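Work through the exercises below with the sequence and the coordinates at hand. Each task is followed by a stepwise solution.

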Amino acid sequence: MGLTTEGIIFLAFAWGSILVLTTYCFYKVIKSERRDKKRDSG
Amino acid sequence: MPQNTEREQWGTKIGLILAVAGNAVGLGNFLRFPVQAAQNGGGAFMIPYFIFFLILGIPLMWIEWGIGRHGGKYRHGSAPGMFDVIWKHKMAKYFGSLGLFISMVILIYYTYIESWTLGFSIFSVLGLYSGETSETMRTFLSSYQGIGESAHFSSIWPAYFLMLLTFTINFWILFKGISKGIEKLARIAMPLLFLFAIILAIRIVTLGTPDPSVPENSVANGFGFIWNPNFSMLGDPKIWLAAAGQIFFTLSVGMGTIHAYASYLKPDDDIALSGLTTASTNAFAEVILGASIAIPVAVAFFGLDATREIASGGAFNLGFVSMPIIFGSDAFPMGELFGFMWFLLLFFAGITSSVAMGQPVVAFLEDEFGMDRKKAVATLAIVVLVAVQFVVFFLKYGFLDEMDYWAGTFGLVVFALIETILFMWVYGADKAWKEMNAGGDFTIPKVFYYIMKYVTPIILMILLVWWGVQSAIPKLLLRDADPANVPYIWGARILMLAIASGLIYIVKKAWDNKKSEEIG
């Protein structure tokens, strides 16, 4: 049976959505943490 | 007037996010999710999963972060005080005591389950379960739990010792405090958990077909079992309820722990982005890593039909019976090492959740009774240590299952519904919205205002009614209970009632004390 085309689409959709969301969130978190550190030290 | 002096604070934003994500990422991410997906339409399950992620999971995250940070402004680190602030009514604090009850009851039995993962990680290194079969592995597990005997365990004492060790580690971390204990744990345990999970997932994906003479038993078929969609099942409301339940349980909402963590934020700290990051980190652990380990490898070793049977046997069957058989098999090279990683990652997932469950009661004793942290942690430790004895020695009589159902399943939905109504309707949706967006690193899209006000509570009500009719009433009336277990089930109920009464009493006492101080 393996992964059907529909299965691959769903896997790619689920993984892709979560990867994009998680990367975006951590990018924003790290950016804001750096900004806060800079503000506190300045 | 808000007071915010001399309360502990989180060291860094990343530390806080990892701690809350650690609270959310638990055994369910690696054991419950793949089973739910495989049993409920495969890839098609992801449609209701993502819908409920958006309209139930993320909104509840923001609501709990919002209530928590707001309560922290008034020096309240637990639900009784927080509810008292958002609802000026003498009953509010008693509704809040449910947030203490749920986290405490779950902590009691969760510590014991967590100790099994620690034990099994040690057994992996020692090669104790090498070459076991399905039958002998079941005996291995039950003898370890003190239910019967095997060549490996003749008494419950090894499990008891590991429970005590796990208990000590948990309370030592709680004793060290927010920044030096819980945050430090999260900063070490969470990256290791993800590292181990990624290594395991890569190893399993590259396993291919362990036995070439049975080509249908392959990892690819395992992924197909989870991801190939069965659209015909989408018409079944049970699938939608299963997805809502999975989202609800996986995020560890409805137990008062997120509130406690968020109370240590500064009033202008972000919660919008932090809440979303926590939810997405949990989804990453679940959908990408959790779904790539246990079920695919089970299909590769046992085949589809046997995996279906394993999955229907529940998460523990998959985690503590099937996985050790695989890691102990000759067809899995360096199985001892990978088994060690598997159980240690489950231990990390467990301990980052269990310390969170201890925090609400500790915060309550500190904030409402003025106890120092040492005394508050010691008080909780004594109560948990006494109560866990029943769980350890009466495990086979359904003692743990009874506590898990009422506190760890049904209670969560009740508490989540109460907090959503209190925050979005009693405190007021406009004020709640302002609170959730204050200091935010991004603005929550306005559509969530309406989702949190209308959609989330309606879904919670549907879940409550559905589970109430389907399982709570039969469970309450002991319809399917083994007659031999009935006295122990009642024992579990009496223990929970005693804990609930004790908590209500100390909540009353705390407020009476405050009243006397104000008059005096």
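**Exercise 1: a nonpolar surface patch**

Ile421(B), Trp425(B), Val426(B), Tyr450(B), Tyr454(B), Ile458(B), Met461(B) and Ile462(B) make up a nonpolar patch on the surface, whose accessible area together is about 750 Å². This is a predicted model, in which local features need pLDDT of at least 70 and side-chain atom pairs pLDDT 80 or more, while totals for chains, interfaces and linings use all residues. Residues are numbered from 1 along each chain as its sequence is written, chains are lettered from A and ligands numbered from 1 in the order written, and side-chain values use heavy atoms, without hydrogens and water.

Task: state which elements give two or more residues to the nonpolar patch.

Solution.
1. Patch residues have over 30% relative accessible area and no salt bridge; nonpolar side chains (Val, Leu, Ile, Met, Phe, Trp, Tyr) are joined within 5 Å, like charges within 9 Å. Areas come from the Shrake-Rupley method with a 1.4 Å probe, and for residues only the protein chains shown count as cover.
2. Helix H18 (399–426) and helix H20 (447–476) of chain B each give two or more residues. Helices are DSSP runs (H or I, at least four residues), numbered from the N terminus.
3. H20(B) supplies the largest share, five residues.
4. Ile462(B) lies in helix H20 of chain B and is partly exposed at 48% relative accessible area; the cut-offs are under 20% for buried, over 50% for exposed, and partly exposed in between (1.4 Å probe, protein chains only).

**Exercise 2: salt bridges**

Task: find how many salt bridges the whole structure has over all chains, then examine three pairs.

Solution.
1. The criterion is a side-chain nitrogen of Lys or Arg within 4 Å of a carboxyl oxygen of Asp or Glu. The search finds 14 over all chains.
2. Arg69(B) pairs with Glu435(B), with 3.2 Å between the closest N and O atoms. Arg69(B) is in helix H3 (residues 46–73) and Glu435(B) in helix H19 (residues 429–437) of chain B, so the bridge ties together parts 366 residues apart in sequence. Arg69(B) is buried at 0% relative accessibility, and Glu435(B) is buried at 6%.
3. Asp305(B) and Arg308(B) form a salt bridge at 3.2 Å, N to O. Both are in helix H14 (residues 304–312) of chain B, three residues apart, about one turn of the helix. An α-helix has 3.6 residues a turn, so residues three or four places apart point the same way. Asp305(B) is exposed at 59%, and Arg308(B) is partly exposed at 42%.
4. Glu368(B) and Lys514(B) meet at 2.5 Å, N to O. Glu368(B) belongs to helix H16 (residues 335–369) and Lys514(B) to helix H21 (residues 486–519) of chain B, so this pair ties together parts 146 residues apart in sequence. Glu368(B) is buried at 6%, whereas Lys514(B) is partly exposed at 22%.

**Exercise 3: a buried helix**

Task: explain why helix H4 (residues 79–86) of chain B is largely enclosed by the rest of the structure.

Solution.
1. Eight of the eight residues of H4 of chain B are buried, so the helix is largely enclosed. Among them are Met82(B), Phe83(B) and Asp84(B).
2. The buried residues of H4(B) pack against H3, helix H5 (92–126), helix H11 (257–262), H16, H18 and H21 of chain B, contact meaning heavy atoms within 4.5 Å.
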